[in-house]
Amino acid sequence: MSKLLIAGNWKMNNTVEAAEQLVRAIEENLESTIDVEVILCPPFTSLSKVAELTNKNSIKVGAQNVYHEQKGAFTGEISPEMIKELCEYVIIGHSERRLILGETNKIVNMKITAAINKGLNIILCVGETLEQRERGKTQEIIREQLTQSLSDIQRIENITIAYEPVWAIGTGISASTMDCKNGIETIRSILQEMYGELTAQSTKILYGGSVNPQNIEALLREAGIDGGLIGGASLNAESFVSIINKSNIFSQKTGSND
Ligand code: PGA
């Protein structure tokens, strides 16, 4: 199995100055021998600063969004070509973009295609809303999001999937390990149908939604996740580093990195 991955999604938080303080605090507290892949996803405005400050061996950088064209008259947008200069990763299809900014699976698909063309690594978010869950539509929604977002994408070596049930994001109520496990298994079986067993098994699937230092270990142990996409708890160096350390201890115990 490959390394566990812990990504911090800062969302619309932190000025450049605050970003600098947070990165320094994380780096000071992070052990040098950590065997977990760590990614920080600051807002566009801090990408350059965070990229400059991070030690590429232990922390990688990602953007939270990208446009689907490389350049041109698209006021306010940022292209894969532009972020490629600053980072290796990009989050695409986060539920906040889908729900607040109206991103459809078609748009998500265009963004993935454009980002892959520039050699970026992608964290693709999928997950059902509370209403969809209550109507028993969880699996259907995950299938729709995955198949449409990955339509015509032939290879997914550079794509990590994040299962992020919308009802668990920022609510302080994480999915139970059982709900999380079910979501991960649904994603893996759809990937298997689409890309075959080998690819399905080797694709990293993260969980996101109120992950914190208290619940990360159970999620890793019982839900079979390959890491986490962390929102709120990534804004505090102590809790973010604690999540990383616990993941590191888990992977040493279980030999996840062999
Ligand atoms: P949260 O956010 O950890 O604050 O729930 C996760 C996410 O939206 O990626």
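**Exercise 1.** In what order do the 8 strands of the closed barrel run, and with which pairing, parallel or antiparallel?

*Solution.* The model under study is a predicted one. Following the barrel from strand to strand gives the order β1-β2-β3-β4-β5-β6-β7-β8, and the pairing is parallel. With direction ignored, neighbouring strands of this sheet are turned by 25° against each other on average. In detail, β1 (residues 5–9) and β2 (residues 37–41) are joined in the parallel sense by 5 bridges. Within this pair, Ile6 is placed opposite Val38 of β2.

**Exercise 2.** Determine which strands are touched by helix α2 and which lie under helix α11.

*Solution.* Helix α2 (residues 44–53) packs on the sheet and touches β2 and β3 (59–63). The direction of α2 makes about 160° with that of β3. Helix α11 (residues 237–254) lies across β1, β2 and β8 (227–230), and runs at about 170° to β1.

**Exercise 3.** Classify the packing of helix α7 against helix α8 and describe the contact.

*Solution.* First, the axes of α7 (residues 138–149) and α8 (residues 177–195) come within 10 Å and cross at roughly 45°. Angles of 65 to 115 degrees count as roughly perpendicular and those under 35 as roughly parallel; α7 is therefore oblique to α8. Next, the handedness of the α7 and α8 crossing is right-handed. On the α7 side, the contact is made by Gln139, Ile142, Arg143, Leu146 and Thr147; α8 contributes Gly183, Thr186, Ile187, Ile190, Glu193 and Met194. Finally, the residues of this contact comprise 5 nonpolar, 4 polar and 2 charged.

Terms used. Residues are numbered from 1 along each chain as its sequence is written. This is a predicted model: local features need pLDDT of at least 70, side-chain atom pairs count only at pLDDT 80 or more; totals for chains, interfaces and linings use all residues. Side-chain values use heavy atoms; hydrogens and water are left out. Axes are lines fitted to C-alpha atoms, for helices over the stretch in contact, and angles run from 0 to 180 degrees between N-to-C directions. Helices (H or I, at least four residues) and strands (E, at least two) are DSSP runs, numbered from the N terminus. Angles under 35 degrees count as roughly parallel, over 145 as roughly antiparallel, 65 to 115 as roughly perpendicular and the rest as oblique. A crossing is left-handed if the near helix is turned anticlockwise from the far one by less than a right angle, and right-handed if clockwise. Contact means heavy atoms within 4.5 Å. Ala, Val, Leu, Ile, Met, Phe, Trp, Tyr, Cys and Pro count as nonpolar, Asp, Glu, Lys and Arg as charged, and the others, Gly among them, as polar. Two strands pair if DSSP finds at least two bridges between them.
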